[in-house]
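Please look over the sequence and the fold shown below before reading on. The paragraphs after it lead from the whole chain to single residues.

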Amino acid sequence: MKKIKFGVIGSNFIVKNFLEASKYINDFELFAFYSRNFDTAKSFQDKYNIKHIYTNLDEMANNDEIDAIYIASPNSLHHSQAIKFLKNKKHVLCEKSLASNTSEVKNMFKVAKENNVLLMEAMRLTILPNFLQVKKNIYKIGKVRRYFANHCQYSSRYDQYKNGIILNAFKNELSNGSLMDIGVYCIHPLVSLFGKPNKVFSNAYMLDSGVDGQGSAIFKYNDMDALIMYSKISNSSIPSEIQGENGSIIIDKINKFSNVKLIYKDGSIEDLTTNQDENDMCYEINEFIGLIKSNQILSTLNTKENSITVMSLMDEIRSQICLTYPADKL
């Protein structure tokens, strides 16, 4: 079968990681690139030998040779850009957070189904070999009683924020902030492993720009609870943990799943870590391409249901901490 011709939207560090990972995937062809700025698009074209560059999304969407689009623009643009390409019969791999709110996410999947094309959230964690190892071995810790996920990562952009320069990461109008950028890494594994909780209770520290700088939330299930802590204004070195009646699974970094181990009640340790590529975006790309080639429009790993559930939980958290985006009013 032919290679899948990709168009790419975005120029941040995530895009650069994505393009580096794609170099080692035989069925991937970097075919087109979009940026509002021509000079930015041209620099990517020269570096990655891209055939087509665009500063107009409609022109890019109308290129019938493009098979799929990777979207890594600000969250507030995900919905409108995805809809444009889905309606033009392009498969869409869209970065987290998938959209600004649940209404947008549901509409994106609706349009994808109507046009018989694939839409998948680019949540790499729940496709990683070490996450799948956790999923495979979690029965060994017995009845699960608590999930704890910690992802606190001081943003270099916060230094500029404190100097009065508000970059995209802290802009309300772009549907950004700590929950959407950092907290989402804590919630996706939770939902993938345990489904939707019954209730959520949350707290946050709000910045003057109108986004959350850090936050925490407790999720209540029938016979367990979950606690997440996330921040863009402080660091933490504490690992994450899933506690069961027979032992615990320790995850060194919830946003990487690079090392995972099981500690039994008697103190014995089982290393669950398996081989995992350092540039771990390759796994979501392979999953996405595999689905296209097998004519499937939904992933069984990064499912439609999980994306909707995660966004609905983030909507509830935002409601409790009084965080609204312009996109919520559309």
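What follows is a guided description of this chain, from its overall form to a few local features.

The model is predicted: local features need pLDDT of at least 70, side-chain atom pairs count only at pLDDT 80 or more, and totals for chains, interfaces and linings use all residues. Residues are numbered from 1 along each chain as its sequence is written, and side-chain values use heavy atoms, with hydrogens and water left out.

Ten helices and 14 strands make up the secondary structure of the chain; helices (H or I, at least four residues) and strands (E, at least two) are DSSP runs, numbered from the N terminus. The chain has a radius of gyration of 20 Å, close to the 20 Å that the globule rule gives for 330 residues, so it is as compact as a globular protein of that length. That radius is taken over C-alpha atoms, and the rule is 2.2 Å times the number of residues to the power 0.38. Along its principal axes, the C-alpha trace spans about 60 × 50 × 35 Å.

Of the 330 residues, 55% are buried; buried means under 20% relative accessible area, exposed over 50%, and partly exposed in between (1.4 Å probe, protein chains only). Among contacts (heavy atoms within 4.5 Å) between residues at least 6 apart in sequence, 69% join residues at least 24 apart. The exposed area of the chain is about 14,800 Å², with carbon and sulfur atoms supplying 47% of it; accessible areas come from the Shrake-Rupley method with a 1.4 Å probe, and for residues, only the protein chains shown count as cover.

Helix H9 (residues 282–293) deserves a closer look. Its twelve residues should span 16 Å at 1.5 Å a residue, and its end C-alpha atoms are 16 Å apart, which agrees; the expected span is 1.5 Å times one less than the number of residues. H9 is mostly covered, with nine of its twelve residues buried. Among these buried residues are Cys282, Phe288, Leu291 and Lys293. The partners against which the buried residues of H9 pack include strand E1 (4–9), helix H1 (13–22) and strand E2 (28–34). After H9 comes Asn295, whose phi is positive, near 60 degrees.

Several loops have unusual backbone features to examine. Between E5 and helix H5 (102–114) lies the loop that holds Ser97, and a cis peptide bond joins Lys96 to Ser97, with omega about -15 degrees. In the loop between H5 and E6 is Asn116, a residue other than glycine with a positive phi near 55 degrees. Asn116 is exposed, at 56% relative accessible area. Phe257, in the loop between strand E12 (247–251) and strand E13 (260–264), has a positive phi of about 50 degrees although it is not a glycine. Phe257 counts as buried, at 1% relative accessibility.

Two further buried residues complete the tour. His151 lies in strand E7 (residues 144–152) and has a relative accessible area of 5%. Not counting residues up to four places away in sequence, His151 touches residues including Ile182, Tyr185, Met229 and Asn255. Lys90, in the loop between helix H4 (75–87) and E5, is buried with a relative accessible area of 2%. With the same sequence neighbours left out, up to four places away, the residues touched by Lys90 include Ala61, Asp64, Asp67 and Phe85. The C-alpha atoms of Lys90 and Leu227 are separated by 38 Å.
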